[in-house]
Amino acid sequence: TKRLQELVDSDNIAAEMTEQELSDLGKKVCTEYGIDERSNADWLKTAKAALEVALQVPKAKNYPFPDASNVKWPLVTVAALQFNARAYPAIVDGDSIVKAKVVGADPDGEKRQKAERISRHMSYQLTDEMEEWEEDTDTLLMQLPIVGTGFRKCYNDRVLERNKSEMIAGTDLIVNRTTRSLDSAPRITHRIWKNPLEIQERLLAGLWQKEFDPGKTPVSEGESDDDAAHEFLEQHRYIDLDKDGYREPYIV
């Protein structure tokens, strides 16, 4: 439809929406995020407890007497380290990380040569262009055996002007517990934290439309942090903005 084409042609759809539409959409995103988060309340509690065990967070023990000794053996931590030590070299095998697959007949070897070129280039992108990829892979392989899940988000970052790979902890990506796969999820919410400088960069790059006044974040009595990070919700969802009765995918 004409309305949908106008939205597609816009660099930032928020600029084409009314204040009321943006307000209603923001409320809907927050409400449905709350529904999804509550549906995972038991799992989130278990995951956070597992992280505390692995990090050996000290806690007071008052049984059998107050301030009793509370020794924590790093069994989970050692197990996670061993998983990381075995999995990392299997994934990061020197410079040959990406391995393209040849499909169909290839009598003259042309497809194989093309696959090798693609493999070399994409491996270069991961190890050289995406500065955070290897470190995030290491972190991911530490959290995965502890929490049981983890995610990686790859996209073109207009602020950095390059492709970026971002590791997402399992506790920061929220979907309804009834979701069987991300491909079929009606909405996926990524909790992100951005400090005022990062917020300003996204406004200048046109990624974010609305002006945002973070204000001062209280740290303790009489103190505040002007550079404290603020929590945002990035939700991938379906919305019927052109009112044709069919919802299309958007990022809010």
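**Exercise 1. Backbone outliers in loops**

Where does Gln56 lie? Determine also the sign of phi for Gln56 and for Lys243, and describe the peptide bond between Tyr63 and Pro64.

*Solution.* The model under study is a predicted one.

Step 1. Gln56 is located in the loop between H3 and H4. Its phi is positive, about 55°, although Gln56 is not a glycine. Most residues other than glycine have a negative phi, and most peptide bonds are trans.

Step 2. With a relative accessibility of 31%, Gln56 falls in the partly exposed class, since that class lies between 20% and 50%.

Step 3. The loop between helix H3 (41–55) and helix H4 (75–91) also holds Pro64. Tyr63 and Pro64 are joined by a cis peptide bond, with omega at about 10°.

Step 4. Lys243 is a residue other than glycine with a positive phi, near 60°. Lys243 belongs to the loop between E7 and strand E8 (248–251). A relative accessible area of 66% makes Lys243 exposed, because the cut-off for that class is over 50%.

**Exercise 2. The sheet around strand E4**

In what order do the 4 strands of the open sheet follow one another? Establish how E4 is joined to its partners, and whether E4 is enclosed or open to the surroundings.

*Solution.*

Step 1. The order is E3-E4-E7-E8, with antiparallel pairing. E3 and E8 are the edge strands, as each of them pairs on one side only.

Step 2. Strands of a sheet pair through backbone hydrogen bonds, either parallel or antiparallel. Strand E3 (residues 173–174) is connected to E4 by 2 bridges, and the two run antiparallel. Between E4 and strand E7 (residues 230–239) there are 8 bridges, again with an antiparallel course.

Step 3. Individual pairs fix the register. His190 in E4 stands opposite Leu173, and in E7 the bridge partner of His190 is Glu234. Ile192 faces Phe232 of E7.

Step 4. In strand E4 (residues 187–194), 7 of the 8 residues are buried; therefore the strand is largely enclosed by the rest of the structure.

**Exercise 3. The two sides of helix H7**

Which residues of helix H7 are buried? Show how they are arranged around the axis, what they pack against, and how the ends of the helix are marked.

*Solution.*

Step 1. Helix H7 comprises residues 196–204, and its buried residues are Pro196, Ile199, Arg202 and Leu203. They cover an arc of only 125° around the axis, so they lie on the same side of H7.

Step 2. The packing partners of these buried residues are strand E1 (150–157), E4 and E7. E4 and E7 are also joined to each other by 8 bridges.

Step 3. Leu197 and Leu204 are exposed and sit on the face of H7 turned away from its buried side.

Step 4. At the N-terminal end, Asn195 acts as a cap of H7, with a side-chain oxygen 3.0 Å from the backbone nitrogen of Leu197. Just after H7, Gly206 has a positive phi of about 80°.

**Exercise 4. The surroundings of Asn40**

Is Asn40 buried or exposed? Identify the residues that Asn40 touches and a polar contact of its side chain.

*Solution.*

Step 1. Asn40 occupies the loop between helix H2 (19–39) and H3. Its relative accessibility is 14%, so Asn40 counts as buried, because the limit for that class is under 20%.

Step 2. Residues up to four places away in sequence aside, Asn40 touches Ile174, Val175, Asn176 and Arg177.

Step 3. One of these, Val175, has its backbone oxygen 2.6 Å from a polar atom of the Asn40 side chain.

**Exercise 5. Global descriptors**

What radius of gyration does the protein have, set against that of a compact globule of 252 residues? Add the overall dimensions, the burial and the surface composition.

*Solution.*

Step 1. The protein has a radius of gyration of 23 Å, whereas a compact globule of 252 residues would be near 18 Å. The C-alpha trace spans about 75 × 60 × 35 Å along its principal axes.

Step 2. The secondary structure consists of 7 helices and 8 strands. Of the 252 residues, 31% count as buried.

Step 3. The accessible surface amounts to about 17,000 Å², and 53% of it belongs to carbon and sulfur atoms.

Step 4. Of the contacts between residues at least 6 apart in sequence, 56% join residues at least 24 apart.

Note on methods. Residues are numbered from 1 along each chain as its sequence is written. This is a predicted model: local features need pLDDT of at least 70, side-chain atom pairs count only at pLDDT 80 or more; totals for chains, interfaces and linings use all residues. Side-chain values use heavy atoms; hydrogens and water are left out. Buried means under 20% relative accessible area, exposed over 50%, partly exposed in between (1.4 Å probe, protein chains only). Two strands pair if DSSP finds at least two bridges between them. The arc is that of the directions from the helix axis to the C-beta atoms. Contact means heavy atoms within 4.5 Å. A polar contact is a pair of N or O atoms within 3.5 Å; within protein, one must be able to donate a hydrogen and the other to accept it, and residues adjacent in sequence count only if both atoms are side-chain atoms. The radius of gyration is taken over C-alpha atoms; the globule rule is 2.2 Å times the number of residues to the power 0.38. Accessible areas come from the Shrake-Rupley method with a 1.4 Å probe; for residues, only the protein chains shown count as cover.
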